[in-house]
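Here's a structure to walk through together. Have your viewer open and follow along from the overall layout down to single residues.

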Amino acid sequence: MALGIKEHPLFWIVGLCAVVASSAVATTSFFFNKIIVIKEETHKMTIANLENQINDLKKINIDSAKFNQGLTKTNQDLTKELSKCTDDVEMPATLAPDVSGSWLRPGDNLQLHIIQNLDQFSSTIPNHFITGRYNAAENAFEYKVNRTFNGCTTIMRGKLFKIDNSQIRTLISSSDGRCDLPTNFQEDSYWNKI
């Protein structure tokens, strides 16, 4: 008995293979399409993410520019306010050495008490009132002494040098010639810190 084509076992095997192959192609196509879709979605997400990051950086850059403008304005305002505070204050051109405190002249144990304010100083000893100002070019304080003796006031001029933290030198170089002192009066003294 002869079998018809549909009844032949090979028909069914070939048919089954065709179905399997067709199904495999469809499945493979489905998977490839899914991979492509997933890759496209990932690519779109990556691009969107990068665009967001770029926008954030642009925003930060704008914010930092605004911050820098604000900082510059604040510095300008502070400088303006500071200048208002210091307009009336005469600042020394150079920092003067510190000569403040009490000093003793060894020969006669005379004490000199100096009060210093920046580049200026003042002092008193019996019958003498002394004021001075630092001269950076001379590296010395130039001073004036008003001396009163027997009701007569004499003005003397001199220089004060800081030798080190323990010693100063005063050098009187002239007087106004009044009272008992000649115009060429000179006195050179060393003083030790007490």
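What follows goes from the fold to the strand pairs, then to the core and the pocket.

First, a caveat: you're looking at a predicted model. The chain holds one helix and eight strands, and if you read along the sequence the order is α-β-β-β-β-β-β-β-β. Of its 194 residues, 16% are buried. Take the contacts with a separation of 6 or more: 31% of them link residues that sit 24 or more positions apart.

So much for the inventory; now for the way the strands are put together. They make a closed barrel of eight strands, running β1-β2-β3-β4-β5-β6-β7-β8 with antiparallel pairing. From one strand to the next, the twist averages 30°. As a general reminder, strands of a sheet pair through backbone hydrogen bonds, either parallel or antiparallel.

Let's go round the barrel, starting at β1, which covers residues 101–105. This strand runs antiparallel to β2, and five bridges join the two. Where does W103 fit in? In β2, W103 has L112 standing opposite, while in β8 the bridge partner of W103 is K193. That second link belongs to the antiparallel pairing of β1 and β8, which has two bridges. Back on the other side, β1 and β2 form a hairpin with four residues between them, and N109 in the turn has a positive phi of about 55°.

Next come β2 and β3, again antiparallel and again with five bridges. Here I115 stands opposite S122 in β3.

Further along, β4 and β5 pair in the antiparallel sense over eight bridges, with N135 opposite A140 in β5. Their hairpin has four residues between the strands, and N139 takes a positive phi near 50°. Then β5 and β6 pair, antiparallel too, over nine bridges; in β6, K144 has R157 as its bridge partner. The hairpin of β5 and β6 has two residues between the strands, and the turn residue N150 has a positive phi of about 50°.

With the strands in place, what fills the largest nonpolar core? It counts 18 residues, and those with the most contacts inside it are L112, I114, F121, F141, Y143, L160 and I168. You met L112 earlier, opposite W103. Six strands, namely β2 (110–117), β3 (120–125), β4 (128–135), β5 (140–149), β6 (152–164) and β7 (167–175), each supply at least two residues of this core. The biggest contributor is β5, with three residues.

F141 is worth selecting in your viewer. Leaving aside its neighbours within four places in sequence, F141 is in contact with a list of residues that includes A96, P97 and V99, along with F121, Y134 and L160. Polar and charged names turn up on that list as well, among them Q116, D119, R133 and K159.

Finally, the largest pocket, whose volume is about 260 Å³. Its lining has 18 residues, and the closest to the pocket centre are R105, I125, H128, I172 and E187. Which strands supply the lining? At least two residues each come from β2, β3, β4, β5, β6, β7 and β8 (187–193). The largest share, three residues, comes from β5. So β5 turns up in both places: it gives the most to the largest nonpolar core, and the largest share of the pocket lining is from β5 too.

Technical notes:
Residues are numbered from 1 along each chain as its sequence is written. This is a predicted model: local features need pLDDT of at least 70, side-chain atom pairs count only at pLDDT 80 or more; totals for chains, interfaces and linings use all residues. Side-chain values use heavy atoms; hydrogens and water are left out. A nonpolar core is a set of buried Ala, Val, Leu, Ile, Met, Phe, Trp, Tyr and Cys residues joined through side-chain atoms within 4.5 Å. Buried means under 20% relative accessible area, exposed over 50%, partly exposed in between (1.4 Å probe, protein chains only). Contact means heavy atoms within 4.5 Å. Two strands pair if DSSP finds at least two bridges between them. Axes are lines fitted to C-alpha atoms, for helices over the stretch in contact, and angles run from 0 to 180 degrees between N-to-C directions. On a 1 Å grid over the protein atoms alone, a cavity is a set of points where a 1.4 Å probe fits but cannot get out, and a pocket is an open set with protein on both sides within 12 Å along at least five of seven lines; lining residues have an atom within 4 Å of a point. Grid points are joined across faces, edges and corners, and a volume is the space filled by probe spheres set on the points.
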